[in-house]
Amino acid sequence: MDGPQIKALAHRLNQLLFNQLVGRIDVPADRWQANVLLKHCAGQHVRRVYSHGRWLLWNFSHGISWACYPLRRWRWSIDFPESDSGSGPSLLRSVGIGGAPPASLSAMVVPPSVSPLLLIPGRRPLLRMTLTDGRRICLSGRPLFLIMLTEGLWRHPELSSLGPDLLADQFSKTQWVYRLRHESGKTVSQALLEQNVAAGIGNQSKCEILFAAGISPSTHMTTLTREDLDHLADVAVELLMAQFRSALSPISAPPVPRRVFDRAGEPCDICSTPIAVDRSGCDNRWSWYCPNCQPAREEPMLFNPEETRLAETDPVRQKS
Ligand SMILES: [Zn+2]
């Protein structure tokens, strides 16, 4: 999940949990070392769920916060108690609210006051939070999960180094372009992923942004002009906002097509050239791109060829 999907997840969780009282928290005894701190949040209210970049942040009423980061796939789901189950045992319907796509899309349900969600099969959760009204929020997958004092949240090294959130209302494209121009020692592929420059772009978004901007992932930052960077910033924010709207409300906002990411060998939608994949960004992350729509640029030479030639011949002249 990249920033837009996590922002949509945070929005949904906040809609569901704002000011809700947590009845209990269950965690597998062998999976979490912070069981005591986690369970300490039972009996407290959820004050806020929000995101910054790819971080999902929770504030609780007793001054404790969670900071969750999807190292690999994760899945959040909520179990709604069935209101019409009569006097029998209470039934729960499990609904995915973010993360990996469900295994089955066969049953669609639309819980009240929430965007259309998908029924998913139960999985062994890493964390299960039960609210006092019977709803249960489950997390499975492999996140980085930090628990800390809310007042010290933004002093944590993982968070204090983050740049501005690309999807925040107050985000400034001008400021981002200014910061990008200082990433001169990197390729554009590396610079886009630098979360301390701007937070929220993951590898999939990076590939799609570069395709939309017509820039090869191996392009060195020094070859991009101010106009190139302005165009790149415009394209990036527009694409991320479209991804966010689609993740938040898949019915009212059209899905953002995957043009290059994970499509190696398939024809480009524009020119039919096979999509290529390599580590051309030199950032240890794979980059998918269209070699035709995103042509490589010539890198500037460190020295003017004429000056270089003179420098080489000068010593000879001196000897002669
Ligand atoms: Zn193409």
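The paragraphs below lead through a predicted model of one protein chain, from its overall make-up to its strands, helices and core.

The protein chain has 8 helices and 11 strands, and buried residues account for 33% of its 320 residues. Among contacts between residues at least 6 apart in sequence, 62% join residues that are at least 24 apart. The average pLDDT of the chain is 80, with 76% of the residues scoring at least 70. Over residues 84-91, however, the pLDDT is below 50, and beyond near neighbours in sequence this stretch has 5 contacts in the model. Residues 101-121 also stay under 50 in pLDDT, and for them the model has 37 contacts beyond four places in sequence. Where pLDDT is low, the predicted coordinates should not be read in detail.

A reader starting at the N terminus meets helix 1, which covers residues 3-17. Its 15 residues should span 21 Å at 1.5 Å a residue, and the C-alpha atoms at its ends are 20 Å apart, which agrees with that expectation. Helix 1 is mostly covered, since 11 of its 15 residues are buried. Among the buried residues are Ile6, Leu9, Leu13 and Leu17, and the list also includes Gln5, Lys7 and Arg12. After helix 1 comes Asn19, whose phi is positive, near 65°.

The strands can be followed through a series of antiparallel pairings. Strand 2 (residues 46-52) and strand 3 run antiparallel and are joined by 6 bridges, with His52 having Trp55 as its bridge partner in strand 3. These two strands form a hairpin with 2 residues between them, and in the turn Gly53 has a positive phi of about 65°. Strand 3 is in turn joined to strand 4 by 4 bridges, again in an antiparallel arrangement, and Leu57 stands opposite Ala67 in strand 4. Here too there is a hairpin, with 3 residues between strand 3 and strand 4, and Gly63 in the turn has a positive phi of about 85°. How much of strand 3 is buried? Of the 6 residues in strand 3 (residues 55-60), 5 are buried, so this strand is largely enclosed by the rest of the structure.

Strand 4, which covers residues 64-81, also pairs with strand 9 (residues 136-149), to which it is joined by 13 bridges, the two running antiparallel. One of these pairings places Ser65 with Met148, its bridge partner in strand 9. Strand 9 is also joined to strand 8 (residues 127-131), by 4 bridges and again antiparallel, and within this pairing Thr130 has Arg136 as its partner in strand 9. Strand 8 and strand 9 form a hairpin with 4 residues between them, and Gly134 in the turn has a positive phi of about 100°.

Farther along the chain, Asp165 lies in the loop between helix 3 (157-160) and helix 4 (173-180). Is this loop residue buried or exposed? Asp165 has 20 other C-beta atoms within 10 Å, and because 20 or more are required for a residue to count as buried, Asp165 is buried. Leaving aside neighbours within four places in sequence, the contacts of Asp165 are with His52, Gly53, Phe171, Ala199 and Gly200. His52 is the residue paired with Trp55, and Gly53 belongs to the turn between strand 2 and strand 3. Asp165 and Arg54 are 111 residues apart in sequence, yet their C-alpha atoms are 9.0 Å apart in space.

Helix 6 (residues 203-213) is mostly covered, with 9 of its 11 residues buried. The buried residues include Cys207, Ile209, Leu210 and Phe211, together with Lys206 and Glu208. What covers the buried residues of helix 6? The covering elements include helix 5 (188-193), helix 7 (226-248) and strand 11 (287-289). Gly214 follows helix 6 and has a positive phi, near 70°.

Two residues of helix 6, Leu210 and Phe211, lead to the largest nonpolar core. That core has 64 residues, and those with the most contacts inside it are Leu210, Phe211, Val260 and Tyr289. Domain 1 (3-160) and domain 2 (173-289) both give residues to this core, so it lies between them. Beyond its neighbours within four places in sequence, Phe211 is in contact with Arg259, Val260, Tyr289, Cys290, Cys293 and Gln294.

Methods:
Residues numbered from 1 in each chain as written. Predicted model: local features only at pLDDT ≥ 70, side-chain atom pairs only at ≥ 80, totals over all residues. Pairing = 2+ DSSP bridges. Buried ≥ 20, exposed ≤ 12 C-beta atoms within 10 Å, placed from the backbone. Contact = placed C-beta atoms within 7 Å. Core = buried A, V, L, I, M, F, W, Y, C linked by C-beta atoms within 7 Å. Domains from an automatic or database assignment. pLDDT = per-residue confidence, 0-100. Expected span 1.5 Å × (residues − 1).
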